[in-house]
Amino acid sequence: MEQTAAPLLCGKGLNKTYKSNGRVVRPLQDVDFALYPGEVLGIVGESGSGKSTLFKVVCGMEKPDSGHLYYQGKEYTGDGPEKTGRFLQMIFQDAYGSFDPRMTMERSLREGSDANRDEIVRIIGEVGLDSELLGRRPRNLSGGQCQRMSIARALLSHATVLLCDEITSALDVTTQAQVVRLLNGLREIENVSILFVSHDLALVSMICDRVMVLKGGVVMESGPTDEVIHNPQNDYTRKLLNSVIAVEKM
Ligand SMILES: Nc1ncnc2c1ncn2[C@@H]1O[C@H](COP(=O)(O)OP(=O)(O)OP(=O)(O)O)[C@@H](O)[C@H]1O
Ligand SMILES: [Mg+2]
């Protein structure tokens with residue numbers, strides 16, 4: 001797929017270093033990425049390859065050592081999540097933990113958004129939930145329902161980019177596919193673009209237009225999902241794919 005539009009969000013030459021116990025870890029090394037309007041970009045790579053670090057840097061939770069971030073062609077520094085929260089929203093693996101356990105869902109959804117009840121009910125319908133659930137607290141929802149609530153919350157903030165970090169890992173296989181199908185539909189209805197981190201290459205091929213492969217903080221390969229998954233150019237991508245297939249056969 002040739003990209004003619006300008007990227008909605010992109011990073012250039014991103015570097016991030018951590019020092020822990022005298023050891024230096026480089027989870028991002030000269031990373032470039034571009035997310036185009038309406039697209040889902042998958043980020044894959046083994047544990048520790050820098051996927052979550054990239055998200056933290058993109059949403060301003062962590063400062064890069066060097067490199068630049070751009071939203072709609074304008075550089076942003078991401079000095080704090082409050083600065084980027086208007087266009088970026090993180091959706092976490094632990095949906096329960098991302099809500100205040102004492103608040104009803106309606107209260108949680110109202111906080112941090114200017115939405116009225118009608119708008120909340122509309123979005124709740126859009127993510128496939130019954131508005132009756134708005135009166136409940138997080139612990140009284142299923143994992144899938146709670147994850148849909150966190151997607152609803154992100155949409156209510158009018159974010160145009162969703163950063164999804166392993167958001168389906170805590171869900172059963174059927175619910176995983178439902179959440180991924182929901183995201184896929186939402187990008188058209190709600191006009192959102194998505195960065196999608198997942199270990200599950202089957203889910204990645206279901207939803208991602210393009211994929212970027214990270215290893216030790218370095219981009220190994222990126223391209224249209226079908227090409228990367230069915231015709232990987234890089235040895236590491238081949239190994240990663242083979243290891244997934246081996247696990248599936250066990
Ligand atoms: N605050 C930190 N201090 C020191 N090292 C860190 C810190 N955060 C991450 N790291 C290290 O950076 C590397 C990349 O971590 P990151 O969380 O980005 O990996 P990941 O690709 O998201 O892995 P996973 O698939 O397990 O979630 C790891 O070696 C990790 O230990
Ligand atoms: Mg991670």
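**A tour from the ligand shell outward**

Begin by selecting ligand 1 in this predicted model, together with the residues around ligand 1: Tyr 18, Ser 20, Val 25, Pro 27, Gly 45, Ser 47, Gly 48, Ser 49, Gly 50, Lys 51, Ser 52 and Thr 53. Coloured by class, this shell shows 3 nonpolar, 8 polar and 1 charged residues.

Next, display the secondary-structure elements that carry the shell. Strand S1 (9-20), strand S2 (23-35) and helix H1 (51-58) each contribute at least two of its residues. Helix H1 provides the largest share, with 3 residues.

Now widen the selection to the domains. Domain 1 should be selected in two segments, 9-87 and 159-249, and domain 2 as 95-158. The distance between the C-alpha centres of domain 1 and domain 2 is 25 Å. At their contact, domain 1 places 12 residues and domain 2 likewise places 12 residues.

Which helix gives the largest share of the side of domain 1 that touches domain 2? Select residues 173-189: this is helix H6, which supplies 5 residues. By class, that side of domain 1 comprises 8 nonpolar, 3 polar and 1 charged residues.

Finally, return to the whole chain, in cartoon representation. The chain contains 9 helices and 10 strands. Its C-alpha trace extends over about 50 × 45 × 45 Å along the principal axes. The radius of gyration is 18 Å, which agrees with the value near 18 Å for a compact globule of 250 residues. Of the 250 residues, 40% are buried. Among contacts with a separation of 6 or more, 66% join residues 24 or more positions apart.

Terms used: Residues are numbered from 1 along each chain as its sequence is written. Chains are lettered from A and ligands numbered from 1 in the order in which they are written. This is a predicted model: local features need pLDDT of at least 70, side-chain atom pairs count only at pLDDT 80 or more; totals for chains, interfaces and linings use all residues. A residue is near a molecule or strand if its C-beta atom, placed from the backbone, lies within 6 Å of it. Helices (H or I, at least four residues) and strands (E, at least two) are DSSP runs, numbered from the N terminus. Ala, Val, Leu, Ile, Met, Phe, Trp, Tyr, Cys and Pro count as nonpolar, Asp, Glu, Lys and Arg as charged, and the others, Gly among them, as polar. Domain bounds come from an automatic or database domain assignment. Two residues are in contact if their C-beta atoms, placed from the backbone, lie within 7 Å. The radius of gyration is taken over C-alpha atoms; the globule rule is 2.2 Å times the number of residues to the power 0.38. A residue is buried if 20 or more other C-beta atoms lie within 10 Å of its own, exposed if 12 or fewer, and partly exposed in between; C-beta atoms are placed from the backbone.
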